[in-house]
Structure formats: structure tokens, C-alpha cells
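User: I would like to practise reading helix packing and sheet layout. Could you walk me through an example?

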Amino acid sequence: MNNQIMTKEDLMEGIDIFPFTRTIWHNHKDVELWKKKYNMACPLHHRAEYLMVKQGHRKCATTHLRPQTFEKTLEKIYQDNLVWLPIQRTKSYNGFSHKHFPTDGNDPDSSVYGVLARNLEDAELFRSSSRNDEGTDHNTIGDLLGFPSCAGEFFNDIWLSGFFDPMWQQAVNTKNAELIDDRTVKVTGSIYNNQLLRYVGLRFNSHLPCSFNCDKSIETGKVWEEVGESLNKEAAGDLKDILRLDMEWSCLHGVAQIQTKYFTIITNSLPTKDRWVIKYEAID
Amino acid sequence: MALSIKGTIDCNLNCKYCYEHELRKTQNRTTWDISKIKQILKKLYEEKKEAPTLHGGEPLVMGKKDVEELLKFGYNLAGRVGMQTNGLLIDDDYIDMFKKYNVHVGISIDGPWPLNKARTNKENTEQIIKNIYKMVAKDVTPGIIVVLHRANGLPEHREQLKEFILEMKSIGINGGRLNLAEIDREEVKEELELSPEEAAELYEDLAKFVLVENDNLRWQPFRDVVDNLLGLGTGTCVFGKCDYFQADAERVINGDGSISTCYKNANEGITYEKDNNSRKTERYELLKSVPMEYGGCKECKYWPICYGGCPAEGAQNGIQDWRFRSRHCTAYRALYSTVEKHIKRLLPNTELIINRNKVSDDDYQIRSGNSLKPPALHKMIVDYVRNPSSWRGVQGCKNKQKSNNKKDCKSNNGKNRANNTKHGDKAHGDHSDHGDS
């Protein structure tokens with residue numbers, strides 16, 4: 001397609017909305033059914049992250065250790081023969097964040113961001129790649145997290161350029177994408193690559209695919225699906241149902257809004273000067 | 001804050017700009033369940049003790065039996081009930097109900113024919129006005145809501161619009177609302193939407209008409225704008241902080257007993273469930289940081305008394321979105337500016353809220369009694385200054401803002417005034433070379 005490029009000129013400086021997510025339910029006769037699906041599906045990805053490492057589908061995962069569940073989580077990691085290394089203490093936040101907010105041990109409202117791995121060697125490599133004096137080694141981190149190489153390239157190209165919520169870029173990279181106007185794109189894409197609801201945990205893949213129909217990401221997404229099904233088949237089915245919904249993502253002034261038939265999500269995003277819109281239709 | 005009952009969204013008129021058009025396409029709201037409505041009404045009333053208002057759609061299409069049942073139930077709960085109606089179906093039976101159940105009725109009409117043509121035809125318009133007269137004759141005085149658009153708000157309509165306002169005043173209806181239309185349907189925008197400049201001219205002119213040129217007119221938002229500038233708080237939700245999805249200003253009971261928020265955001269055919277736990281400040285975090293050229297409010301001096309207007313009015317360059325400031329920004333700024341000038345001309349020593357270096361933005365909404373301290377008129381009050389005046393330069397008390405020092409200031413007042421005023425307490429009226437004594 002004729003890509004409409006989002007540039008830094010399209011963003012405003014000095015606007016940084018603190019992390020948040022809100023889900024607003026619509027008045028709809030079927031809303032209780034979808035609330036149930038939503039509540040089942042939301043925690044699934046987080047639980048699958050752990051299992052993906054434990055079952056050997058990926059070498060590492062990132063996870064936060066929270067003071068409230070610290071001893072329980074460490075005990076489980078030990079019993080599962082996994083390791084966890086701390087990387088950074090970060091301020092707590094509600095909802096979804098695109099970055100960490102460094103703080104220190106005196107901050108009671110904080111958690112510790114770290115890496116989960118099956119062995120110390122991988123964990124050390126991840127940690128050193130995160131703390132590299134020459135900057136973060138995103139390629140190594142991407143490999144350890146099991147990301148397809150194209151996703152790594154996409155991340156290096158787009159995310160590192162300051163587009164920390166690159167949904168638009170993912171959409172216009174998609175083969176069948178149809179530009180409706182300068183800042184509205186219609187796209188049909190795989191549910192496995194749909195990251196438009198990841199702000200509340202509704203996703204299969206943990207990485208940002210380079211497009212909505214990237215085959216490599218679809219492959220990894222199916223692995224995530226299997227792991228999710230092994231945890232809770234009904235919840236995995238609910239997640240698929242939700243990701244199959246038609247949805248519209250829009251971003252304006254630092255807030256993204258994702259609207260489906262049954263609910264709307266709003267969250268912090270890119271501080272765009274204008275409104276950018278993705279109209280998404282799903283394919284399995 | 002309002003508690004509305006929208007038993008039906010059906011309507012016997014077809015106002016071109018109605019924000020419920022899309023909703024009528026997407027939701028079947030032609031039936032209602034009186035017992036469920038009553039059950040929820042009782043629950044919500046107990047929470048905040050707000051008198052309910054029958055709204056719609058057109059509430060009177062529910063029929064006399066159901067309307068009376070709801071009015072009676074609301075009256076037994078709250079001692080009074082509100083109703084917003086287009087007035088066409090009002091007859092003697094309804095007027096008797098209004099009296100019996102202490103109903104405060106608001107009539108939606110955009111003026112006499114042809115000013116009301118975006119709502120309905122000539123015959124209906126005349127009937128509605130007859131019904132207003134009939135109500136007044138039976139001691140039921142309604143308020144009026146006029147929606148302003150290109151069919152009644154252009155300069156060529158002005159004389160008739162003002163005559164209508166004065167005609168209503170002559171029968172005892174002193175006020176109501178003069179609201180700019182929020183037109184979301186593309187097919188009627190060109191026909192009915194006032195340009196920002198037209199809306200600004202209209203609001204400036206009506207502000208002068210209501211506030212300056214006539215006595216005892218209480219039309220909004222003009223009266224509220226005065227209060228806002230003086231830091232007294234506002235009764236108009238449009239100028240307060242309001243969450244697009246949760247609209248604190250209104251709780252709505254739908255015909256099926258479900259609860260939603262204000263319908264002004266229903267232009268996409270969606271209404272939202274009420275959820276009191278949601279965070280509600282995103283719009284206000286972003287708008288105050290976004291430059292005006294991109295649809296924000298950064299550095300707008302009216303921010304603390306406007307907050308970008310109603311989120312459902314949010315739009316920029318024809319794109320509707322709550323993340324933009326109100327599409328009526330030009331008109332609101334013109335209105336505030338006009339009223340500001342008039343207040344300052346009459347009372348130059350007034351310290352308006354926009355003249356303060358810092359106004360707390362932390363409160364959800366600036367409210368009467370806890371916002372402007374010292375108050376806007378403090379330079380005219382002996383508690384605060386030695387030489388109070390509505391216009392002369394004033395000599396302040398050093399510690400005038402501390403309550404304990406107010407006392408010191410007051411107790412010394414007579415003495416200080418005598419000592420510090422060259423010509424005594426009274427300014428001379430025979431010459432003008434020392435007006436700032």
C-alpha cells in the first residue's frame with residue numbers, strides 16, 4: 001500500500017500522560033456475556049508468559065515482583081527450577097506503561113522489574129544486555145524473549161525512534177491495508193498479531209509484530225495459544241472471541257481509544273497532534 | 001447533577017440535530033418496563049437524594065398512564081419531579097398532573113415559527129406555544145430550552161428571537177437555556193451548524209441582551225458565566241470537568257432498567273454503563289498541555305472556568321472526538337470576554353478568577369465558597385482593604401489574606417482610613433484630579 005508515514009513532526013513534545021487503562025462497558029443486551037469473557041481472558045497472557053519459559057518455548061520473560069506477593073512468587077520460581085534476576089526498581093502504576101519509572105527501595109509504592117529464565121546464564125545475559133554501557137542490546141533481548149527477527153527489526157526501527165505504541169506502523173505495514181484518508185487505515189489481520197487490546201492483557205503474542213499478517217508472528221502466536229489452552233481452554237477461547245471482534249483504534253493527544261461493539265478501552269499512548277485511526281477486521 | 005429517566009428514546013418530532021438519531025438506529029428502545037424503572041429509581045434516589053427528571057426521547061409518548069405512574073413515584077420519593085418535553089402533547093390532563101406532582105417542566109422549543117423549523121412544522125410550533133400559554137394560565141410556569149443553529153441564530157433571526165425571549169418574560173418565564181447545537185450528523189451540518197464566528201457573534205449579542213439591556217432575564221449560560229468569572233462556581237455542566245464516558249453530571253435510567261450516563265455522547269449509537277470507580281481526569285491532563293492550534297487549551301486564560309467545554313462537543317477541523325476541546329470554543333471565549341469586559345467596566349477593582357496568578361486546578365470543579373480566596377470583590381470590602389472601592393485604587397492591608405490578620409486590618413480600619421486619606425472618607429464630587437485618593 002501507499003504507506004502513510006507517521007513522523008516525529010506528527011508528535012507533540014512535553015506531553016506525557018501517566019500510565020492508565022480504563023475499560024468502559026457499553027449498554028448492550030449481551031454485555032454480561034462479554035464481561036465474563038473479558039474477565040476470563042485478561043489474566044491469561046500474563047500467566048502464559050511464565051509457562052512459556054517453564055515449558056521451554058522461550059528462554060526468558062520479563063516480570064515484575066511486587067511486595068505484596070514477593071515471597072509467594074519467589075517460592076514458586078524456586079520450585080519450578082527457574083531463576084529470576086532483578087533489573088530495576090520501578091514505581092508502581094495502574095494499567096499499561098510503555099516505560100519504567102525508576103525509583104529506589106525507600107519507595108513503598110514500587111515493584112522490581114526483572115528477568116525470569118530457566119538458567120542463570122540466560123538471565124545474566126538478559127540483564128547485562130539491558131544494562132549494557134553502550135545502551136540496551138535489543139537484538140539479544142529479542143532473541144532471549146523468542147521474538148521473530150522481523151519483529152526485532154521493526155522494534156529497532158520504529159520503537160527506538162520514539163514511537164512507543166507503534167500500532168499505526170504495524171497497520172500500514174500490513175499487505176492488504178487500505179488507506180481511507182491520510183490518517184485512517186483499514187486493515188484485515190490475524191487475531192494472533194492483534195495487539196490493539198494488549199493494554200489490558202488481551203493478546204496472544206508478547207511481541208509487537210511487524211504487521212497484522214506477519215507469518216512468523218502468527219506461528220509464535222499459535223504457540224502462545226497452545227500454552228494458554230493448557231492453562232485454561234475456556235479462557236483461551238474467550239480471548240480468541242474478543243480478538244475476533246471488529247475494532248477501531250485511534251490515537252490523539254497522548255490517549256489511545258479502542259472501541260468494540262461491547263466495550264471501549266482508553267489508555268496512554270503517543271502524543272499525536274492529530275487523530276490517527278485503524279479500522280481492524282479479524283481473520284483467524 | 002441530574003437523575004434522568006429515559007423510559008423511551010422514541011419521539012413524536014424529528015429534530016434534525018438530535019443527538020439520539022444514531023441511538024434510535026442501533027438500539028430498540030420502543031418498550032419500557034415501569035416496574036424495573038421504579039426499582040432502579042428508588043435505589044439511585046436513595047444514594048444521592050436527587051429529584052428525578054423524565055427525559056427521552058419525548059417522555060409524553062409513554063402515555064398518560066405510565067407518565068403519571070412515574071411522576072407519582074418520583075413525587076413520593078423526592079417531593080418534586082422534573083420533565084423535559086417538546087410540549088406538543090401537553091393537555092389539561094398533563095397540566096393537572098404537573099400541579100399534582102410538583103413537576104418542574106422544561107419545554108424544548110427553538111422559538112416561534114419559522115425559528116423552530118429544525119424541530120418541527122408551523123402547526124406544531126404554534127400548538128406548543130399555545131400549550132405554554134395554557135400551562136402558565138394554570139399556574140404551571142415552565143422553563144425553556146432553545147437550541148441555537150442556523151435556522152434561528154443568524155443575525156436575520158435575531159429580532160424575532162429576542163422578541164420571543166421578551167414575550168416569554170411577559171408571561172412570567174424569565175429564563176431557560178440558550179444552547180449552541182451539537183450537530184454530529186454530517187447530512188445536516190451544512191444546513192444547521194453555525195460557524196465559530198457566527199456562534200461567537202450570537203453569544204456576544206445575547207449576553208448583552210440578557211445581562212445588560214434587560215432586567216430580570218435569567219437565561220443560561222449567560223448568568224453562569226458571570227458567576228464563573230467571579231469564582232462563585234457554576235450550575236452549568238458544560239463549563240465543569242466531566243468525564244466523556246462517565247459524565248458525573250447525569251445518571252440515566254434506561255427503559256429496561258439499565259443505568260447509563262449522559263446521552264450527549266451517544267452520537268455513535270452507543271451509550272455507556274455507569275461505573276463510579278473509573279478514573280476521570282485524562283481529558284483534563286491532556287487538554288491543558290495541548291496547544292490550542294492542535295485542539296487543546298494550553299495557556300487559555302479561561303481554562304479554570306471552562307475546561308475545554310463539554311467533552312461531547314469536542315471537535316477540531318470537523319473531526320469529532322472528546323480528546324479535542326469544544327467545537328464551541330470561539331463562542332465560549334467570546335462570551336467570557338464580553339462578560340469580563342462588562343464586569344470590569346462597572347467594577348474595575350473586581351478581581352476575576354482569570355486575573356489570579358494561580359487558581360487551583362486540583363478540585364474536580366471550582367465550587368462556591370472554596371475557590372476564589374480572597375473573593376472577587378475583596379477590594380470593595382473593608383475586611384480586606386483600608387479603602388474599599390469598586391473603582392478607585394485601593395490601599396491594601398499588608399496581611400489581608402490571613403483570617404487572623406483580617407481582624408487586625410478591620411480593627412484598624414477607621415483609624416487608618418482617616419490617617420491615610422488626604423481628603424477624608426469621601427471623594428470629592430466637584431473635581432476629578434484626584435480620583436485615586
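Analyst: Happily; we will take a helix pair and then a sheet. Keep in mind that this is a predicted model.

User: At roughly what angle do the axes of α8 and α11 of chain B cross?

Analyst: Helix α8 of chain B spans residues 196–211 and α11 of chain B residues 329–346; their axes come within 8 Å and cross at roughly 30°. Angles under 35 degrees count as roughly parallel, and therefore α8(B) and α11(B) are roughly parallel to each other.

User: Is the crossing of α8(B) and α11(B) left-handed or right-handed?

Analyst: For α8(B) and α11(B) the crossing is right-handed.

User: Which residues in α8(B) and α11(B) meet?

Analyst: The α8(B) side includes Pro196(B), Ala200(B), Tyr203(B), Ala207(B) and Leu211(B), and the α11(B) side includes Ala331(B), Leu335(B), Val339(B) and His342(B). By character, the residues of this contact of α8(B) with α11(B) comprise ten nonpolar, three polar and three charged.

User: Now the sheet. What is the order of the eight strands in chain B?

Analyst: The order in chain B is β6-β5-β4-β3-β2-β1-β7-β8, in an open sheet with mixed pairing. Its edge strands are β6 (176–180) and β8 (259–261) of chain B, each of which pairs on one side only. From one strand to the next, the twist averages 25°.

User: In which sense do β5 and β6 of chain B pair?

Analyst: Strand β5 of chain B (residues 143–148) pairs with β6(B) in the parallel sense, over five bridges. To find your place there, look for Ile144(B), which stands opposite Gly176(B) in β6(B).

Terms used. Residues are numbered from 1 along each chain as its sequence is written. Chains are lettered from A and ligands numbered from 1 in the order in which they are written. This is a predicted model: local features need pLDDT of at least 70, side-chain atom pairs count only at pLDDT 80 or more; totals for chains, interfaces and linings use all residues. Axes are lines fitted to C-alpha atoms, for helices over the stretch in contact, and angles run from 0 to 180 degrees between N-to-C directions. Helices (H or I, at least four residues) and strands (E, at least two) are DSSP runs, numbered from the N terminus. Angles under 35 degrees count as roughly parallel, over 145 as roughly antiparallel, 65 to 115 as roughly perpendicular and the rest as oblique. A crossing is left-handed if the near helix is turned anticlockwise from the far one by less than a right angle, and right-handed if clockwise. Two residues are in contact if their C-beta atoms, placed from the backbone, lie within 7 Å. Ala, Val, Leu, Ile, Met, Phe, Trp, Tyr, Cys and Pro count as nonpolar, Asp, Glu, Lys and Arg as charged, and the others, Gly among them, as polar. Two strands pair if DSSP finds at least two bridges between them.
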